[in-house]
Amino acid sequence: MKVPLLDVNAQNLPIEEELSEAWQRVLQSGRFILGPEVDAFEEECARLVGSAHAVAVSSGTDALLAALMARGIGPGDEVLVPTFSFFATGGSVWRTGATPVFVDVCPVCFNIDPDKAAAKVTGRTRAIIPVHLFGQAADMDKVMGLALEHDLMVIEDAAQSFGARHRACPCGSIGDVGCFSFFPSKNLGGFGDGGLITTSDDELADRLRQLRNHGMNPKYYHPMVGGNFRMDALQCALLRVKLRHYPEYGAGRRRNANYYTDRMSQIPGVVVADPKHCKCPAAQQEAITAADAGIILPVAYPHNEHIWNQYTLRVLGEGRRDALRKHLTEAGVGCDIYYPVTMDRQECFAATPEASRSDCEVAHRLAGEVLSIPVYPELSDQQKDEVISAIAGFLG
Ligand SMILES: *Cc1c(COP(=O)(O)O)cnc(C)c1O
């Protein structure tokens, strides 16, 4: 039996009728740009995230870009970003003319290490972009403390964490803004590109609405330069359908993650990451060596509600990750590497100052060890067992 890394049809085809209804509604309305579907989607998202405003935009990348533009971040400014993330987190900073300053991450949750971020603050630092990677919140207590101390804008990159929580707070409601993506592989997977910005700052929300429409207000008058960052009415109508089913999707991912962890942690050579080692790579290395571990399973911190966009293993030992990847592929199990190259090592960022590229050894190690396996909500137990036995076979 083949187990794909992601099967969007397994989620979308069972609700085909509802989706067709939404398409018919938009078709009949004749309104394809902004309008009532977009307004309604924004209201529903704002409620879910617990922020006063939500602004639907063209992608998660444009959400980040617009958020930076809204505070006038640009040439001469520095923005702290985790070096272990999808490219857009750093790319959007670069596009404003500001300098992305790359920060190392925690070896347990893969998220930005706030202490290492603090060490990279200079007089030019204007913002920090904590990424809630793979569906688990970054250490927002420390990030918010750092931001308060240095007057930094906090842009939560919650592209992979729609519906996740940090303590009781939904991701995207903690910083100045939250940025989301509805790319088909994200937790709320759309039918093309789409994104969202959440904020409880009225003035910022106004600016974001204006920026997504060429900075225009009133019509054909442009007090500022924006872009075309609008999301289609059709995309919003379709996503509203999936939003109604969203609690089931989150529950499915959590069920799958727990299933994997319960069973795989029984396999000799497999250990679960220990929250005690959060931001303590040295202690973690010691424990790994003592346990003679070959694979580390991901863990959700007790204070976080993880939404499991990815279930990401660390495969230890020279060449072992690539060997497991080959083994799983041959067994018909989909898997992929998020992410093989950290941002500080991307060719396009070679011109960033050295300080911003140093001190990222945890992330460099992770880039050589991580492997994500299927965790999408519709996986059957039989499929999960297939994945587990393929992994057990590799170790045994
Ligand atoms: C997907 C993603 C983005 C970009 O979202 P798009 O909608 O693809 O532009 C940004 N940051 C992270 C962490 C992502 O996973």
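Trainee: Which residues are the closest to the ligand, and how many surround it?

Mentor: The ligand is surrounded by 15 residues, and the closest are Thr61, Asp157, Gln160, Ser181 and Lys186. A residue counts as near when one of its heavy atoms lies within 4 Å of the molecule. This is a predicted model: local features need pLDDT of at least 70, side-chain atom pairs count only at pLDDT 80 or more, and totals for chains, interfaces and linings use all residues. Residues are numbered from 1 along each chain as its sequence is written, and side-chain values use heavy atoms, with hydrogens and water left out.

Trainee: What makes the pair between the ligand and aspartate 157 a polar contact?

Mentor: A polar contact is a pair of N or O atoms within 3.5 Å; within protein, one must be able to donate a hydrogen and the other to accept it, and residues adjacent in sequence count only if both atoms are side-chain atoms. A ligand nitrogen is 2.7 Å from an N or O atom in the aspartate 157 side chain, so the pair qualifies. A ligand oxygen is 3.0 Å from an N or O atom in the side chain of lysine 186. Another pair joins a ligand oxygen and a polar backbone atom of glycine 60, at 2.8 Å. The protein covers 93% of the 380 Å² of accessible area that the ligand has on its own (Shrake-Rupley method, 1.4 Å probe; for residues, only the protein chains shown count as cover).

Trainee: Why is cysteine 278 not in a disulfide with cysteine 106?

Mentor: A disulfide is a pair of cysteine sulfur atoms within 2.5 Å. The two sulfurs are 3.9 Å apart, too far for a bond. For cysteine 280, the nearest cysteine sulfur is that of cysteine 278, 7.5 Å away. The structure holds 0 disulfides.

Trainee: Why is cysteine 278 called buried, and what is cysteine 280 called?

Mentor: Buried means under 20% relative accessible area, exposed over 50%, partly exposed in between (1.4 Å probe, protein chains only). Cysteine 278 has 19%, so it counts as buried. Cysteine 280 has 36%, so it is partly exposed.

Trainee: How do you know which residue caps the N-terminal end of α8?

Mentor: A side-chain oxygen of aspartate 201 lies 3.0 Å from the backbone nitrogen of glutamate 203, and aspartate 201 is the cap. Helix α8 covers residues 202–211, and its buried residues are Leu204, Ala205, Leu208, Gln210 and Leu211. Helices (H or I, at least four residues) and strands (E, at least two) are DSSP runs, numbered from the N terminus.
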